[in-house]
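Biologist: I have the sequence and the coordinates open. Could we go through them together?
Modeller: Certainly; please put them up and ask as you go.

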Amino acid sequence: MIRTIYLMAITSYVVSFLFPHQPVFKLFVSVLCMLAVGLSLQRVRGLALSFGAFFLGIGSLMLVVSHAKAIQFITSFGEMIQMVTLFALIPILSFPIRYGHYADEIRELIRRKVTSRSQFYVLTSIISFFFSSFMNLGALPLTYHSIAPSTNQFEIAHKKRYLSCAITHGYAMPLLWSPITPIVGTVLYLTKTAYSQVFPYLIILSIAGLVLDWATSKGAPGFMNKARNEAEQEIAVTQTSSVVKELRLTKLWQIVGTVLLLNGLVTVLDHFFTLSFLFLVSLIVLPFAFSWCFLIGETRSFLSGLHHHFHTYIPQMQNQFFIFLTAGFFITALHVSHADRMVTHAVDTLIQFTGLRLFLIVLPLIPFALAFLGLHPAVGLALISEALRSQVLLVAPVVVTVAMLGGAIPAFLMGPYNATLGMMSALIHEKPFTLSHWNAPFTWRYLILLTLFVQFMYNH
């Protein structure tokens, strides 16, 4: 039952977007989203239940106080279904990587070419970086299982910390710019900014963050012991020289080419069509993944995986459906009750008092702080954007967008309740708070980099 309602809600959203002048379709979206929230309420637990109940309670109270009509309680549901749709479809992009056995070539590359722990760290973060750019959370287990067996080739004092930092730091950087990352689509949807306008700045910040990690990880305790590097390299050279077979990196170049093609395709389509960025990316996922599987001869595997995905993965999305749809209800209730005007006025007053320059320093810290309460960065940024419906987005829309997206990265790196650290902790069998502590030094360095970058953009 719950799977049917979830799929109907997603389908109704797509149909309503394709036929925007038919209000009956929008009503269907609202009704189905309300049913999805009601069914999810029976399954969710913990922080998702607490936040969702808060959004429902306060949102309903605002509607009651403003004397909203009964139909407005129903039509207030449906906001943020576009984000849930993207969350539901993005895992399909991991099918070609899994069925094409790309991890095998990575293990072979490490065995033959990597000669030191510093090289191994850089390669691990690069692999995580590329996988993350079109696989989202699926990049974490794939990178870990591709890399972990090779750690025995090197003398690493703290293997779990080493792997966790290399993988999560590399994974987090594409979340700034990758079009299939829900947070990117969410922020662009909220700020009404074109992808082509912010992409150059985001890719520069992303690469700068990656280089910052490489430059500073060498000083981390227990990671790089220079005294042993020479012996380690001699062993690696001996092992490599004994292999005559030529190493081909065909599949790795396929990944690089695919990332470039996907971003190029999204950029071009976003420029020439007036579709919502989130809708556009959601529309591309299925044909893009199918075409890739077709080219590598894995069409049957793709169809089998697609059937399993819609029958198994979708019904397990109760937390995403509940928290995002209730947050959407809360945001719509703000508009209907006109409470958003008070929030906007308060933020305007704050900006006038502090100045926009200082506000841009504080802005990235808000989703970071909310992450420690258990709120997903996309939800936190959606709430923040409602307070920014003022002159700040008119004065510096690109700078604000970069600051908002940049502020989401620390939340992914250190938020102990988010899925990133949750999945990584399950892979290496450590507590999420331990991983958060390990990521803290790089996170603070990255925040300094982000602050300087945003201030530079504002000045120019």
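Biologist: To begin, where is the place of Ile10?
Modeller: Ile10 is in helix 1. Helices (H or I, at least four residues) and strands (E, at least two) are DSSP runs, numbered from the N terminus. Please note that this is a predicted model, in which local features need pLDDT of at least 70, side-chain atom pairs count only at pLDDT 80 or more, and totals for chains, interfaces and linings use all residues. Residues are numbered from 1 along each chain as its sequence is written, and side-chain values use heavy atoms, with hydrogens and water left out.

Biologist: Is Ile10 buried or exposed?
Modeller: Ile10 is buried, with a relative accessible area of 10%. Buried means under 20% relative accessible area, exposed over 50%, and partly exposed in between (1.4 Å probe, protein chains only).

Biologist: And which residues does Ile10 touch, not counting those up to four places away in sequence?
Modeller: Ile10 touches Thr85, Ala88 and Phe321. Contact here means heavy atoms within 4.5 Å. In addition, the C-alpha atoms of Ile10 and Leu89 are separated by 10.0 Å, although the two residues are 79 apart along the chain.

Biologist: What about Ile2; which residues is it in contact with, leaving aside neighbours within four places in sequence?
Modeller: Ile2 is in contact with Leu39, Ser40, Arg43 and Pro315. Ile2 also belongs to helix 1, and it is buried at a relative accessible area of 7%. Its C-alpha atom is separated by 20 Å from that of Val15, 13 residues further along the chain.

Biologist: Thr85 and Ala88 came up a moment ago. Which residues of helix 5 are buried?
Modeller: The buried residues are Ile81, Gln82, Met83, Val84, Thr85, Leu86, Phe87, Ala88 and Leu89. That is 9 of the 9 residues of helix 5 (residues 81-89), so this helix is largely enclosed by the rest of the structure.

Biologist: What do the buried residues of helix 5 pack against?
Modeller: They pack against helix 1 (2-18), helix 2 (23-41), helix 11 (182-191), helix 15 (277-295), helix 16 (299-313) and helix 17 (318-336).

Biologist: Now the backbone. What is phi of Met80?
Modeller: Phi of Met80 is near 75°, a positive value in a residue other than glycine. Most residues other than glycine have a negative phi. Met80 sits in the loop between helix 4 (70-75) and helix 5, and is buried with a relative accessible area of 0%.

Biologist: And what is phi of His338?
Modeller: Phi of His338 is near 65°, again positive in a residue other than glycine. His338 is found in the loop between helix 17 and helix 18 (339-354). At 43% relative accessibility, His338 counts as partly exposed.

Biologist: Changing topic: how many salt bridges does a search of the whole structure find?
Modeller: The search finds 1 salt bridge, defined as a side-chain nitrogen of Lys or Arg within 4 Å of a carboxyl oxygen of Asp or Glu. Lys160 forms it with Glu430, and the closest N and O atoms are 3.8 Å apart. Lys160 lies in helix 10 (residues 159-172) and Glu430 in the loop between helix 24 (419-428) and helix 25 (432-459), so the pair ties together parts that are 270 residues apart in sequence.

Biologist: Are those two buried or exposed?
Modeller: In between: Lys160 counts as partly exposed at 38% relative accessibility, and Glu430 counts as partly exposed at 27%.

Biologist: Where is Arg161 found?
Modeller: Arg161 is found in helix 10 and counts as partly exposed at 21% relative accessibility. The C-alpha atoms of Arg161 and Ile428 are separated by 9.0 Å, with their positions 267 residues apart along the chain.

Biologist: Finally, the whole protein: how many helices and strands are there?
Modeller: There are 25 helices and 0 strands. Buried residues make up 53% of the 460 residues. Among contacts between residues at least 6 apart in sequence, 82% join residues at least 24 apart.

Biologist: What does the C-alpha trace span along its principal axes?
Modeller: The C-alpha trace spans about 80 × 55 × 45 Å.
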